[in-house]
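Student: I have a model open and want to read its side chains. Can we go through it step by step?

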Amino acid sequence: MALIYCPECGEQISEKAVKCIHCGTILKEEPELEKKCLECGEILNDIDTICPHCGCPVHLAEETTAEPQKVEIINAKQKMSKMKRNLIIVAIAVILLGCAGGFFVKQWHDKKTAAVYKENLQTAVITMLSGAAKAESCGNLIHKVWKNAIYEKSDDETDEFTKGKYDFFIDFDTALSNLFSDQSFKSDINEIKRNQETVQLLMKDLKNPPAEYEDAYTALKKFYDSYTELVGCAIDPTGSLTTYTSTFNDADTKTMNCYKEMALYTED
């Protein structure tokens with residue numbers, strides 16, 4: 001930086017100085033800043049806060065002929081601010097659309113899940129009812145064979161299991177063994193066992209019901225418990241004739257009552 005001498009006091013000062021730092025002599029006139037309206041370009045007074053020509057606020061539209069770069073900076077900042085506002089608006093719109101879309105997708109998914117659950121529920125009920133009917137039929141035959149063998153009562157349906165060539169078998173277990181060895185009866189028992197296995201798989205799939213089917217699942221479990229008792233009487237009869245009769249009748253009655261309660265949840 002070059003030095004010059006102040007014409008007033010003779011001291012050295014910078015050649016770029018506009019005022020002597022020693023004596024205060026003004027060396028260069030500072031350029032007057034001219035304020036213009038950015039909206040209409042008209043010249044403004046220093047005291048103007050609103051452009052008298054177009055009404056634009058001066059603090060948003062100040063411009064000086066001596067500082068053209070300042071105008072570019074202001075314009076760039078305004079553009080950046082506008083872009084940021086637009087980006088924020090777009091981002092908010094995207095978020096709102098995403099939330100709305102997620103809400104409708106969830107509703108659709110929940111409805112579909114509930115519809116599938118109801119269909120599986122109906123399948124489980126129908127399958128259990130079919131197995132219960134078969135178990136009831138087999139249980140009744142077991143009871144009849146057991147009773148007729150003890151009391152030596154002839155009957156066209158049970159004689160082939162309770163009687164030999166000439167007379168009744170002494171031990172009723174022989175009659176029951178004959179019944180369970182019969183091919184037709186064995187086929188019925190195997191069908192009940194397969195039904196039970198299918199029901200068990202269906203119950204596993206129904207373990208976690210949607211909120212609107214929680215009561216239905218509770219009723220289904222009661223139906224399943226009574227169905228299991230009835231099936232057990234057909235597959236594996238135990239106890240005496242008296243206890244078997246009581247157990248079988250109770251299980252049969254309970255199963256039908258539970259089915260009626262369950263049917264309320266599966267009707268369309």
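Tutor: We start in a loop. Glu39 lies between β3 (35–36) and β4 (43–44). Keep in mind that this model is predicted.

Student: Is Glu39 buried or exposed?
Tutor: The cut-off for exposed is over 50% relative accessible area. Glu39 has a relative accessible area of 60%. So Glu39 counts as exposed.

Student: How far apart in space are Glu39 and His53?
Tutor: In sequence, Glu39 and His53 are 14 residues apart. In space we go from C-alpha to C-alpha, and the value is 9.6 Å.

Student: Now the rings. How many aromatic pairs are there?
Tutor: Rings pair if their centres lie within 6.5 Å. By this rule, the count of aromatic pairs is 7.

Student: Are the rings of Trp146 and Tyr244 stacked, edge-to-face or tilted?
Tutor: Their centres are 5.3 Å apart. Planes under 30 degrees apart count as stacked, and over 60 as edge-to-face. The planes here are at 40 degrees, so the pair is tilted.

Student: Which helices does that pair link?
Tutor: Trp146 and Tyr244 are 98 residues apart, so look in distant parts of the chain. Both residues are buried. Trp146 is in helix α1 (residues 68–151), and Tyr244 is in helix α6 (residues 241–266).

Student: What about Phe223 and Tyr259: how far apart are their ring centres?
Tutor: These two form an aromatic pair, with 50 degrees between the planes. That makes the pair tilted. From centre to centre, the value is 5.9 Å.

Student: Which helices hold Phe223 and Tyr259?
Tutor: This pair also links distant parts of the chain, 36 residues apart. Phe223 is in helix α5 (residues 214–235), and Tyr259 is in helix α6.

Student: Which is buried and which is partly exposed, Phe223 or Tyr259?
Tutor: Buried means under 20% relative accessible area. Phe223 has 0% relative accessibility, so Phe223 is buried. At 25%, the partly exposed residue is Tyr259.

Student: Which residues do ring pairs link into a cluster?
Tutor: We have met two members, Trp146 and Tyr244. Ring pairs add Phe172 and Phe248. The cluster is Trp146, Phe172, Tyr244 and Phe248.

Student: Which residues of helix α3 are buried, and where do they lie on the helix?
Tutor: Helix α3 covers residues 172–181, and its buried residues are Ala175, Leu176 and Leu179. Look down the axis of α3. The buried residues fall within an arc of 95 degrees, so they line one face of the helix.

Student: What does a side-chain oxygen of Asp171 reach at the start of α3?
Tutor: Look for a backbone atom within 3.0 Å of that oxygen. The partner is the backbone nitrogen of Asp173.

Student: Next is Gln196. Which residues is Gln196 in contact with, leaving aside neighbours within four places in sequence?
Tutor: Gln196 lies in helix α4 (residues 183–205). Its relative accessible area is 19%, so Gln196 is buried. Its contacts are Tyr227, Thr228, Val231 and Ile235.

Student: How many salt bridges does a search of the whole structure find?
Tutor: Side chains of opposite charge can pair when their charged atoms come close. A search of the whole structure gives a count of 6.

Student: Which residue forms a salt bridge with Glu157?
Tutor: Glu157 lies in the loop between α1 and α2 (159–162), and its partner is in helix α1, so the pair ties together parts that are 13 residues apart in sequence. The closest N and O atoms are 3.0 Å apart. The partner is Lys144.

Student: How many residues apart in sequence are Lys222 and Glu261?
Tutor: Lys222 and Glu261 form a salt bridge, with their closest N and O atoms 3.4 Å apart. Lys222 lies in helix α5 and Glu261 in helix α6, so the pair ties together parts whose separation in sequence is 39 residues.

Student: Which residue forms a salt bridge with Glu229?
Tutor: Glu229 is in helix α5, and its partner is in helix α6, 25 residues apart. The closest N and O atoms are 3.4 Å apart. The partner is Lys254.

Conventions:
Residues are numbered from 1 along each chain as its sequence is written. This is a predicted model: local features need pLDDT of at least 70, side-chain atom pairs count only at pLDDT 80 or more; totals for chains, interfaces and linings use all residues. Side-chain values use heavy atoms; hydrogens and water are left out. Rings of Phe, Tyr and Trp (its six-membered ring) pair if their centres lie within 6.5 Å; planes under 30 degrees apart count as stacked, over 60 as edge-to-face and the rest as tilted. Helices (H or I, at least four residues) and strands (E, at least two) are DSSP runs, numbered from the N terminus. Buried means under 20% relative accessible area, exposed over 50%, partly exposed in between (1.4 Å probe, protein chains only). The arc is that of the directions from the helix axis to the C-beta atoms. A polar contact is a pair of N or O atoms within 3.5 Å; within protein, one must be able to donate a hydrogen and the other to accept it, and residues adjacent in sequence count only if both atoms are side-chain atoms. Contact means heavy atoms within 4.5 Å. A salt bridge is a side-chain nitrogen of Lys or Arg within 4 Å of a carboxyl oxygen of Asp or Glu.
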